[in-house]
Each structure stands twice: as C-alpha cells, then as structure tokens.
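Let's take a walk through the packed interior and the open spaces of this protein. Have a look at the model first.

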Amino acid sequence: MPVQPLTPEKLRHTVDPNLFTFETTAELPPSTHIIGQPRGTHAIEFGIGIQSQGYNIYILGPMGTGRATAIERFLQDRTATQPPPEDWIYVHNFSLPHQPRAIELPAGQGSVFQARMAALIARISEDLPTAFETETYKDAIQAARNAFDTQQDALLMALQEKATAQGFGLIKTASGVTIAPVRHGQQLTPTELQNMSLAEQQELENLLEALSEELEETLYQIYQLETGMRQQIQEIDRTVAEAAVQHHFAELHETYQAHPEVLLYLDEVHQDVLDQIDDFAPQLDSDEEINLRRYEVNLVVDNNKTDGAPVIVEQNPTYNTLFGRLEYEMESGVVFTHFTNIKAGSLHRANGGYLIMQATDLLKNPEAWEALKRALRGQEIQIVPYATMDDTRVLAKSLMPEPIPLKVKIILMGSMDVYYLMYQQDEDLSDLFKVRADFDSTMLRNSDNMQEYAHFVATRCHEEKLRHFDRTAVAKVIEFGSRLVNQQTKLSTRFGAVTDLIREASYWAGVNGRAVVTGADVQQTLNERIYRSNRVEEIIQEEILEGTLFIATRGAVVGQVNGLSVMDIGDYSFGQPGRITARTFMGEGGVIHIERETEMSGPIHEKGVLTLNGYLGGTYAQQQPLSLTASLTFEQNYMGIEGDSASSTELYALLSSLSEIPIKQGIGVTGSVNQRGEVQPIGGVNEKIEGFFRVCCACGLDGEQGVIIPASNVDSLMVHEDVVTAVAQGKFHIWPVRTIDEGIELLTGIPAGELDADGLYPEGTVHYAVQNRLLELAEDLKTFGNGEE
C-alpha cells in the first residue's frame with residue numbers, strides 16, 4: 001500500500017480547553033512544589049532529611065528548567081516550620097585583641113544584646129562622671145590629698161630645721177628641692193664661698209654631703225607617701241565607679257544567666273570599665289574624643305526576621321561573598337581595621353539552613369571552591385582577611401576572627417557534563433556531595449501534569465502581578481511546552497522559557513486591551529517572536545525567490561533532491577532546504593562525498609555517507625560486483641556539515657541518478673538511514689517542515705508539495721498552525737516513511753520493487769533500473785579494462 005499523508009490531527013497534539021474546570025488562572029492558588037521531577041524531588045527530600053556530614057546535594061539538569069527558583073520555593077515551603085538558626089555576634093577580645101570573639105545567641109537576640117550593650121555604655125558614660133561630681137567623693141579625695149600635704153610638710157619642716165641649725169637651707173629650684181649654705185637667710189654667693197679658708201670649705205662640704213643624703217631619704221619618703229595617696233585615690237575612684245555601674249551589670253547578668261559566653265564577656269567589660277575609668281571621666285584639658293568602640297557589638301548574623309531555616313541563593317560565589325570580609329579604614333594616612341568591620345558572607349547567612357549556587361559560577365573562583373571544601377570538612381567558617389584597600393596591597397595590622405561553627409546544606413546546580421567533570425577531576429566531590437538529584441528536561445503530557453502547568457501559570461501570574469490566563473491561553477502554553485521538547489506525549493520542564501512566554505503573552509494581552517490573556521494572545525506572542533528573529537530566514541527565502549539559491553519546488557529532476565537542515569541563530573532555529581545532487585559514472589571509487597573530501601563534514605556525517613555503501617552493497621551486490629563511482633554534494637554550501645539526518649536524502653539522489661528516474665522537486669526530505677534501508681528518526685523535524693513549507697508558500701503552493709519524514713518522528717510533530725491549516729486544505733502534505741523503498745516510491749511515483757526468488761527485481765521498478773545500471777557499469781568497466789590490455 002502506498003504511504004498515506006498524515007491527517008491534520010497527527011501534525012499537532014492540541015489541548016482541549018474544556019479539560020480545565022476553571023475560567024481563568026485567578027481561581028487557582030499559587031504552588032511552590034517542583035513540577036514534573038519526582039526523582040529529583042525524592043532525592044532532595046532525602047538530602048535535606050539526612051543530617052550526616054557530607055550529604056550535600058548536587059542537582060543535575062539542563063539550564064533553563066527554573067531549578068534555582070523552584071528549589072528555593074520548595075525549600076522555603078519545607079522549612080517554614082523549622083525554628084530559625086541562632087544569631088552570631090563578634091565582640092572585642094580583651095585578652096587577645098587581634099582575635100575577636102564570636103558569640104552565639106538565640107534568633108533575634110543578637111540585635112537585642114547589641115542594643116543593650118549600647119545602652120549600657122551610654123548609661124555608664126552618664127553615671128560615672130556624675131558619681132565623680134558628688135561632695136562625698138570630692139571630700140574623700142581632698143582628705144587624701146590633705147593628709148599627704150601634711151605629712152609632706154612635716155618631713156620637709158624637720159629637714160629644714162636641721163639644715164638651718166647647721167647653716168644650710170632648703171632651696172626650691174626648677175629641678176626640685178636642694179640644700180645650699182646660707183647666712184642671714186641668704187644663700188652664699190660663689191665669691192663668699194671662695195673667700196672661706198680651706199678648712200671652712202671642707203667642713204661646709206662634709207655637712208652638705210650629710211644633709212644631701214638626708215634630703216634624698218626625705219624625698220623618697222615623700223614619693224612613697226604620694227604613691228600611697230594615688231593608690232588611695234584610685235581605690236576611692238574604683239569604689240565609686242563600682243557603686244555607680246554595679247547594678248547595670250547585675251541586670252545583664254541576670255538576663256543572660258543561660259549564656260556563659262555572654263557572662264564571661266560582661267565580666268571582661270566590667271573589669272575593663274573599672275580599669276579605664278579615665279575614659280569615662282570628663283576631660284577638661286583635652287579636646288580629644290575618647291574611643292569606646294571596643295565595647296560595641298558587631299551583629300554579623302541577624303535572624304530576627306527569618307522565618308524557618310534560611311534559604312540563600314548566591315549568584316556570585318567569590319571568596320568574599322561566601323566567607324565574608326574584613327574592611328579597612330584610613331585615618332590621617334594610616335590604614336587600620338577593627339572587629340566592627342567584620343562583614344558576613346552568604347555562608348554566615350545560610351548557616352543552619354541551605355545555600356544554593358551554580359556549579360559553573362563556583363568553579364570560576366577556584367579559591368572559593370577550595371575554601372568551601374575546607375569549611376565543609378572542618379565544619380567551621382573561618383574569615384581569612386585580605387589586607388587590601390582598593391585592590392592595592394597595604395601594610396596594616398589585621399585581625400583573625402574566631403571561627404564560627406558551620407552547619408549548612410550546600411546545593412550545587414549544574415549540567416551533567418560539569419558534574420562528571422568535577423567527579424573525575426576532584427576526589428572531594430564524592431565525599432562532600434553524596435546526594436545526586438537528577439532533574440529531567442521533560443515530563444509526561446498527561447492530565448495531571450497539564451493541571452500542574454495550569455497551576456504554574458497561575459503562580460507566575462500571582463507572584464509577578466501579570467494578567468491571568470483563560471483556559472484557551474493555558475491550552476496554548478501547554479502546546480508550547482510540547483513544542484519545546486518536540487514530543488506530542490511530553491512536556492518541557494524548561495520553566496524559564498515557559499515563564500518568558502507567560503510574561504510576553506500578558507504584555508500583548510494588555511496591548512490588545514484585554515484584562516485576561518487568551519489563546520489568541522499566546523499565539524500572537526509566538527508569532528511576534530518569530531518576526532523579531534527571522535530576518536536571516538527571510539533573506540534566504542528572498543535569495544531562493546530571486547534565483548540566487550537554487551531550490552526548485554516544482555517539476556522533477558534526475559539525481560536531485562531537496563534536503564532539509566536546521567540553522568540555529570542564537571535563540572531562534574529555522575529549517576531551510578538545500579539542494580543535494582548525485583552523479584554516478586564508471587569506476588571503482590565508490591561513493592565520494594565532496595564535503596568529506598574537502599574536510600567540510602564532521603564524523604557523524606561521514607558515518608552516514610559510509611552507511612550508503614553498506615546499503616548499496618547489501619541491496620544490489622549480492623550476485624554481482626558493486627563497481628561504480630558516485631559523487632554527492634550539498635550544492636551552494638560553503639559551511640561545515642554535521643549529522644546524518646540527510647543520509648536518506650543522499651541515498652534517494654544516488655538511486656535516482658543510477659536509475660535515471662527523476663525525483664519530484666516539490667517534496668523535501670529528511671531522515672537518517674541504516675544499512676538495511678530503514679529510515680531512522682532525526683532532530684528538528686518541526687523546524688524542517690516549517691522551513692520547507694514557508695519556501696513553498698513563497699514560491700506558490702500547488703497541492704503536490706510536502707515533506708517526507710521518518711515514521712518514528714510522527715510523535716515529535718508540533719508544527720505551526722499554518723502548516724496544519726494548509727494540510728487540512730490539501731495544499732501541503734507530510735508523509736511518514738519507514739523504509740527507503742517507501743520514500744523512493746513517493747519521490748518518483750514508481751514502485752521500488754521487491755526481490756523475487758531468483759534474486760532479481762521486477763521490471764518497471766526503481767530497484768530493477770538501479771540494478772541494471774550497476775551491472776552495465778561493471779561490464780563496461782571490465783570491457784574497458786580488457787580493451788586496455
């Protein structure tokens with residue numbers, strides 16, 4: 001039976017809008033679960049459930065499936081009821097100032113403690129100066145000073161009396177108190193001293209030496225008295241300060257009884273305040289502002305507004321964005337830093353929850369990847385500061401903040417190629433990412449998944465404030481999902497592309513003045529996309545119409561077939577016809593493909609060409625030698641060729657050339673072939689059909705034109721509605737073939753022929769003509785060779 005063209009219903013698997021019970025997607029609630037990925041979802045639930053070390057998750061799948069957004073929502077929904085993780089603060093380390101201390105507090109309490117410490121220092125700064133202004137304090141200080149003055153005066157008076165009795169006096173100089181000889185209350189001049197006899201001078205010097213020793217002893221006693229006075233004043237200051245601040249610290253101690261680290265820090269602050277009372281006393285003689293930053297609290301992780309476990313998506317996983325950084329300041333040309341300049345990274349924010357990253361982004365920063373592995377193995381976040389400012393290396397003291405314990409689930413997303421590359425090149429991957437979640441790019445097109453598509457559309461409309469879709473529009477979106485995967489029985493999970501369609505359809509509905517998106521708006525969106533992108537396609541069509549590119553859509557020609565290929569230009573793919581010709585002649589060169597000889601073809605295409613030899617030998621050379629030379633080429637092709645989807649087309653051209661039976665030029669052909677003559681499925685079938693259809697439309701449809709496709713590609717058909725309409729009107733046809741025999745009969749209108757019991761083909765068939773021609777070529781070659789001898 002001759003192959004029948006496909007009916008319009010076979011060309012596009014449409015969706016009946018009446019399958020849906022809603023009028024618009026506004027009636028549907030938004031959904032957060034992952035659509036069409038039962039295997040991947042099961043793996044993720046296992047990964048977030050198991051708490052053992054190393055069970056981080058690697059999600060495999062193609063880009064554009066909306067994995068990051070879907071997983072973020074999925075995790076937020078699953079972890080919403082979990083308690084939020086703890087806050088983390090950094091405080092000054094009074095024992096080791098270069099190693100700020102990290103303290104853990106319950107969620108939301110970090111900011112509370114920060115405010116309480118700020119209020120504490122503010123109150124102390126007010127209360128201490130006030131305490132030192134009381135009359136009691138002033139009297140106590142004055143009493144200590146008066147006691148010192150009295151004792152000092154007594155010591156000096158006793159020494160003065162003794163010196164006076166011996167003719168000496170205490171003289172005050174710029175360098176302090178000294179002893180000098182006096183007469184009548186006046187210090188002796190150098191002239192008077194020189195006029196003395198030697199005996200008098202010697203006696204005076206002996207007395208001076210003895211009195212000087214007593215002066216030194218007296219001054220030492222005064223120094224001790226002054227030291228005692230100062231210590232007494234310090235004790236008074238400390239007692240007054242302790243009385244002024246004790247109740248403040250007592251209140252905080254009572255509040256944080258359950259937090260030993262906080263109590264230790266409060267004790268250190270309490271002690272430091274008492275040791276540094278001058279920082280709080282009024283500085284009457286100085287304009288310098290006292291620096292109290294050491295008492296500040298640096299809140300690096302604040303989960304005050306976090307609901308459930310945090311779910312963080314890091315778009316730029318560099319070292320600093322993951323692990324945080326230490327910022328530097330410059331003052332009067334001096335670079336320095338402070339523990340309040342410690343800034344958190346995404347690991348800090350995700351601690352106690354989940355951190356989502358793209359594997360390729362992480363691998364672009366090797367130092368971040370290596371540091372992340374160390375952090376996961378050591379289960380701590382260590383900030384290693386870079387002593388830099390404005391990317392310039394500077395000399396400055398730095399800090400080594402105390403590490404923070406790490407408990408996080410890392411979720412890496414990447415393609416399968418990246419996963420296997422990392423698995424082979426990095427032995428740590430298998431130890432640190434033990435959960436593999438495999439995301440598929442397709443899912444079955446059944447009633448449940450079509451309802452899921454409708455809920456997805458509703459979710460996007462709700463969350464992005466888009467116009468809602470009616471049932472006809474949702475049906476068109478589902479058909480678009482099938483077109484994305486070129487499968488009537490499947491839907492795409494590339495929800496990024498589906499989301500773009502939803503947004504654009506909402507826009508065009510607004511342009512058309514509609515409050516609800518209809519099927520016509522979705523179809524307009526698809527047409528607008530084509531119009532924005534198909535300039536190159538139209539140029540090629542113009543060249544065909546002008547005769548620059550040789551493509552015939554009418555008549556019949558020997559050894560010439562319209563092959564179909566797909567051209568990708570960015571985000572737009574379209575099919576285009578290309579003339580394939582074959583010339584056969586005497587020789588033993590076999591099938592020669594010009595593109596192969598000129599190294600313009602790839603290995604898969606070369607395999608397809610070599611397959612033709614196998615078909616020819618198996619079909620025609622069982623009882624006679626295969627002696628021929630055949631030349632095949634893609635006419636007017638100046639680019640490389642790859643793939644075997646034109647191998648059946650090349651074989652049809654060869655059979656036509658050998659049989660000298662012309663081929664109908666109104667039929668485009670695509671399909672791979674094996675050595676047994678079976679036509680195998682190919683990719684891009686929809687684009688190829690549409691491309692040839694548009695060329696035929698431009699040249700004029702005559703009702704005889706169409707495309708031959710592999711029968712195994714019928715389920716892949718989701719062609720444009722214009723093609724379906726033309727087929728319904730009988731202006732265009734699509735024939736599915738399983739074998740070369742079926743295809744050659746369509747192209748020539750002549751039966752292919754079947755072998756009889758004698759191994760011969762019946763007269764009037766294509767195979768008979770081919771076999772006879774091959775026999776002639778073999779005999780002619782033999783005769784030619786004998787003639788030469």
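A nonpolar core here is a set of buried Ala, Val, Leu, Ile, Met, Phe, Trp, Tyr and Cys residues joined through side-chain atoms within 4.5 Å, where buried means under 20% relative accessible area with a 1.4 Å probe, protein chains only. This is a predicted model, so local features need pLDDT of at least 70 and side-chain atom pairs pLDDT 80 or more, while totals for chains, interfaces and linings use all residues. Numbering starts from 1 along each chain as its sequence is written, and side-chain values use heavy atoms, without hydrogens and water.

The largest core has 39 residues, and I89, F113, M117, I124, L128 and V273 touch the most other members. Separate from that core is another one of 37 residues, including L612, I744, L747 and V770.

Now for the pockets. A pocket is an open set of points on a 1 Å grid over the protein atoms alone, where a 1.4 Å probe fits, with protein on both sides within 12 Å along at least five of seven lines; lining residues have an atom within 4 Å of a point. Volume is the space filled by probe spheres set on the points, which are joined across faces, edges and corners.

| Pocket | Volume | Lining residues closest to the centre |
|---|---|---|
| Largest | about 950 Å³ | F480, L484, R529, D571 and Y572 |
| Second largest | about 770 Å³ | S565, Q576, F634, N637 and M639 |

In total, 31 residues line the largest pocket, and 32 line the second largest.

Conventions
Buried < 20%, exposed > 50% of the residue type's maximum accessible area, 1.4 Å probe, protein only.
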